[in-house]
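Biologist: Please walk me through this structure. I will ask short questions, chain by chain.

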Amino acid sequence: MTPSKPPFWNDPKVRAIVFQVLVSAGVIAVGVYLVRNLLHNLEVRGISTGFGFLHNRAGFAVNLTLIPYDEDSSYGRTFVVGLLNTLLVSGLGIFFATILGFVVGIARLSRNWLVATLASAYVETFRNLPLLVQILFWYFAVFLNLPPPTEAIHLGHSAFLTLRGLYLPWPEPEPGFGWTLGAFVVSVGAVVFLVRWARRRQELTGRIFPSFFASIAILVLVPLVVFFATGSPLEWSKPELDGFNFTGGVAVIPELAALLLALSVYTAAFIAEIVRAGILSVSHGQTEAAGALGLSRARTLRLVVIPQAMRVTIPPLTSQYLNLTKNSSLATAIGYPDLVSLFAGTTLNQTGQAVEVMSMTMAVYLVISLVISLLMNWFNARMALVER
Amino acid sequence: MTDAQPAAAPAPSTEPMVELTGVHKWYEKFHVLKDINLRVARGERIVICGPSGSGKSTMIRCINRLEAHQQGRIMVDGTELTDDLKNIERIRCEVGMVFQHFNLFPHLTVLENCALAPIWVRRTPRKEAEEIAMKYLERVRIPDQAKKYPGQLSGGQQQRVAIARSLCMRPKVMLFDEPTSALDPEMIKEVLDVMVGLADTGMTMLCVTHEMGFAKTVANRVIFMDKGQIVEENEPEAFFNHPQHERTKLFLSQILNH
Amino acid sequence: MASSAPVLPDLPPPAASTGALGWLRRNLFDSPLNSALTLLVIYMLYLLVPPFVKWAFIDADWKGTKHEDCSRVGACWVFVRVHLNQFFYGFYPAVQQWRVNAALGLLVLLMAPLFVKGFPGKPWLALGTIFGYPVAAFYLLLGGRFGLAYVETSNWGGLSLTLVIAVVGMVAALPLGILLALGRRATHMPVLKALCVVFIEIVRGVPLITVLFMSSVMLPFFLPEGLNFDKLLRALIGVMMFASAYMAEVVRGGLQGVPKGQYEAAAALGLGFWRSTFLVTLPQALKLVIPGIVNTFIGLFKDTSLVLIIGLFDLLGTIQAANSDASWLGFSTEGYVFAACVYWVFCFSMSRYSQRLEKRLQTGHKH
């Protein structure tokens, strides 16, 4: 016999439904009110709605564009330029911050007291300074105080540090370069086969092949040999002083340099802590047990410590990458033409279509966050330690 | 506890398996090992006991260089233990160690835990390494857990796997650092049974433990350490029934009466 | 075979392994690689530290009131001293600045007992501070009532504005975050849960600057014509939304960390949802994540600097403004170094406090 149902006003299921209906009604009512106000205000100010503005002429120039762009380009193109610039600075930032962060994190664990203390000082200094302060400092106090191109600081033979930016030589491949690229692709394939073969050989006979060093040798030497054999088909466009400015080479504008420097240094401080926590999370007993079995220090690290440390390190690491990408939006403060600065800044000011512009901008960041979160969840599920 | 007689030690070559001569060790300013002299013949089973802080764990950890001694000489199977990395690696292949907290590798299965060192240190082919691993897992009586991860096993099972893992390297000496201290009482017996079985095969064993029943059954010699020095050593019968030194008597009264 | 030994005395360790020499050997020179690193680091320090000390202290100018009092050789701290009042109070009228001091003093007075071990009634004090202080501070700073002159929010600035934004953001974030976290955990009400999840994930997934832009640029559009929103209030709304989303995640972590048995015991005693939450699970959850809450506050404090991008003059904003002052050009480095020092002192002390708290709470939680 089934238990009797309570009167409907005491039934928790009914209560939950009623509550949610009320909440939804409230949210919808507020939403409708806000949207009506919005439409009214837009109409009063003569601001149009819809995404048609993306085809309109932008009418302003941008000092760093990875794709062809000029004043006659559309706002839609401005969006793409901004997006690419954001991805550029985020990608480079993640790269440098990871390297620097790992170095500092490992340095903090060094037995050398000086090195460890210095690394700690680095982390404590840059973690506790707002990123905006660091960006403004690098830009206004450092890069804008550099000498003009006519008195540039020489870095090596063909690189120059000036007020207008960092000028570097840029490679320009000539017709025969395809062979070298092909050779590189072939050597990558060869390395993959080599590693597989070496592993199989070890399983069958027990003999260990130095596949790491052999791979590096192949990846470097084979393309190099082909390169020279085909007559070194690579020209370097070198920056040269022409009047008051440099031509040739590639120019890293001071805005990009300052933003990249600040982002990398700031995020590296957080990454260093994450790396340190990851390595410390592997209990010392693991290293001892591996050593007691006769494994060398290098093998202990590779087979026992690092796999366990990675599990603990990767989730917060991806979180930091996400933070770096979001923090790149501070480019607005110094005029680096990223997505927020170009689109949610200049374009919004010119067209007044705040809703469309802001939703597009926020959508971009949300998509990036979502993709990274999904990747991380998948990774976590795969790597979790199996327990009772 | 079994009441089988310990197997007679195989006819020993005259050279001792492990020899410590005049060994001193300091931690910062603390003098933790004072003038340790010890000779362990092949096939001998030594139990080391003493209050905490007496240096017993430190002493056996010096034998496979998990700790470094500052003065004196340690010889293992004829090789002297120094800072020389090659010597250390060679010695660690011949010396197996079982830890109080097991220290199994949680990201590898039981089988992989046991096969890791033979593959990467002795360059054994994988199939052979796995066969050896299964053989020793059968010896410690948990072959059915081979594909499980350490996190899925009980404490007693984990410690038995740890013993199997060390045995896979076919060591000549086995060191035990309080192997049952971290186990729940009902699991101590299964581990001690394995250790007794190991003694029956003629393995040289140095065991730091509080399990005096085990000492009585298996040990050739019992050593009592206190405050960094070896105070007394004797055959189990004489040691437990006629302790010579005041400190030994005090320790035994504390340990055997609770 | 028996042997027994007399008690051996403690001998001192061999000379080269202790004392200053031993420490040097072990920590700096114990291998060729480490020795090389040590020398490299010493060289780097030698290159960097003396010039900085020379610039910042030895050659620096501390006294004076005018731009000409600064020789350009060292740091010009005159610039900072002259603008110090502005860096702290913004453009608050000098006559009324006592009110800012009063507001801050009141905050310190209310927060101080929270740090004293064993002070009675801490939870009540905290609750009272959270709900009562903002009201008191609001009237103190804004004025217009109780005989206090009205000071427009556009005159607020400097470090006091930074503190206002950080404190208000935090104070609002806590209750909002708790509600969001509870909503997110309400698995039996999927619509509510979905709304909370959407809000939290969107706000956490976008940069703070876009939230600030949205609230300062878009908010006026959503309101009926003629209802004008104070600029500071718009920024505060953005900050509150942002902080509450992060706080929601911190609180959610705490709620997950409370053992399931606690929820069951409270239910078994007959406590309904709200009673058991506020009397049993929430206090435990919050205690678990106090370090997380402090860390969120440190992050918020650093993030307040972003309001300069939407035209508010917090500490960094006033320094930027002073940098562009025509009669004081060229001292931007000194300005930023000063800003860095102030922020660093605040953030470092708070993070040290958080680490100590974490250690203390961890040892208390061994189970």
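Modeller: Keep in mind that this is a predicted model. Start with burial, please.

Biologist: What share of the 388 residues of chain A count as buried?

Modeller: A residue counts as buried under 20% relative accessible area. Applied to the 388 residues of chain A, that cut-off gives 43%.

Biologist: What is the radius of gyration of chain A?

Modeller: Take a compact globule of 388 residues as the yardstick. Its radius of gyration would be near 21 Å. Along the principal axes, the C-alpha atoms of chain A fill a box of roughly 85 × 75 × 45 Å. The radius of gyration of chain A is 28 Å.

Biologist: How many helices and how many strands does chain A have, and how much of its exposed area comes from carbon and sulfur atoms?

Modeller: The secondary structure of chain A comes to 11 helices and 8 strands. Its exposed area is about 20,500 Å². The share supplied by carbon and sulfur atoms is 68%.

Biologist: How far apart are the centres of the positive and negative side chains in chain A?

Modeller: Chain A carries 25 positive and 19 negative side chains. Each set has its own centre, and the distance between the two is 19 Å.

Biologist: Now chain B. Why is chain B described as being as compact as a globular protein of its length?

Modeller: The secondary structure of chain B comes to 9 helices and 10 strands. For 258 residues, the globule rule gives 18 Å. Chain B is close to that value, so it is as compact as a globular protein of that length, with a radius of gyration of 18 Å.

Biologist: What percentage of the 258 residues in chain B is buried?

Modeller: The C-alpha trace of chain B spans about 55 × 45 × 40 Å along its principal axes. Buried residues make up a share of its 258 residues equal to 61%.

Biologist: How much of the area exposed by chain B do carbon and sulfur atoms supply, and how far apart are the mean positions of its charges?

Modeller: Chain B exposes about 10,700 Å², and carbon and sulfur atoms supply 49% of it. Its charges number 32 positive and 33 negative. Their mean positions are separated by 4 Å.

Biologist: What is the strand order in the open sheet of 4 strands in chain B?

Modeller: Strands of a sheet pair through backbone hydrogen bonds, either parallel or antiparallel. In this open sheet of chain B the pairing is antiparallel. Strand 2 and strand 5 (79–80) of chain B each pair on one side only, which makes them the edge strands. The order is 2-1-4-5.

Biologist: Which residue is the bridge partner of W26(B) in strand 2 of chain B?

Modeller: Strand 1 (residues 18–27) and strand 2 (residues 30–40) of chain B pair in the antiparallel sense over 7 bridges. In strand 2, the partner of W26(B) is H31(B).

Biologist: Which residue takes a positive phi in the hairpin of strand 1 and strand 2 of chain B?

Modeller: This hairpin has 2 residues between the strands. A positive phi near 50° is found there at E28(B).

Biologist: Which residue stands opposite V18(B) in strand 4 of chain B?

Modeller: Strand 1 of chain B also pairs with strand 4 (residues 71–76) of chain B, in the antiparallel sense over 5 bridges. In strand 4, V18(B) stands opposite V76(B).

Biologist: On to chain C. Why is chain C called more spread out than a compact globule?

Modeller: Chain C has 14 helices and 0 strands. The globule rule gives 21 Å for its 367 residues. Chain C is well over that, so it is more spread out than a compact globule, with a radius of gyration of 27 Å.

Biologist: How much of the area exposed by chain C comes from carbon and sulfur atoms?

Modeller: The C-alpha atoms of chain C fill a box of roughly 95 × 75 × 40 Å along the principal axes. Buried residues make up 43% of its 367 residues. Chain C exposes about 19,300 Å², and the carbon and sulfur share is 70%.

Biologist: Is L21(C) buried or exposed?

Modeller: L21(C) lies in helix 1 (residues 19–27) of chain C. The cut-off for exposed is over 50%. L21(C) has a relative accessible area of 58%, so it is exposed.

Biologist: How far apart in space are L21(C) and L279(C)?

Modeller: In sequence they are 258 residues apart. In space, C-alpha to C-alpha, L21(C) and L279(C) are separated by 59 Å.

Conventions
Residues are numbered from 1 along each chain as its sequence is written. Chains are lettered from A and ligands numbered from 1 in the order in which they are written. This is a predicted model: local features need pLDDT of at least 70, side-chain atom pairs count only at pLDDT 80 or more; totals for chains, interfaces and linings use all residues. Side-chain values use heavy atoms; hydrogens and water are left out. The radius of gyration is taken over C-alpha atoms; the globule rule is 2.2 Å times the number of residues to the power 0.38. Buried means under 20% relative accessible area, exposed over 50%, partly exposed in between (1.4 Å probe, protein chains only). Accessible areas come from the Shrake-Rupley method with a 1.4 Å probe; for residues, only the protein chains shown count as cover. Lys and Arg count as positive and Asp and Glu as negative; His and the chain ends are not counted. The place of a charge is taken as NZ of Lys, CZ of Arg, CG of Asp or CD of Glu. Two strands pair if DSSP finds at least two bridges between them.
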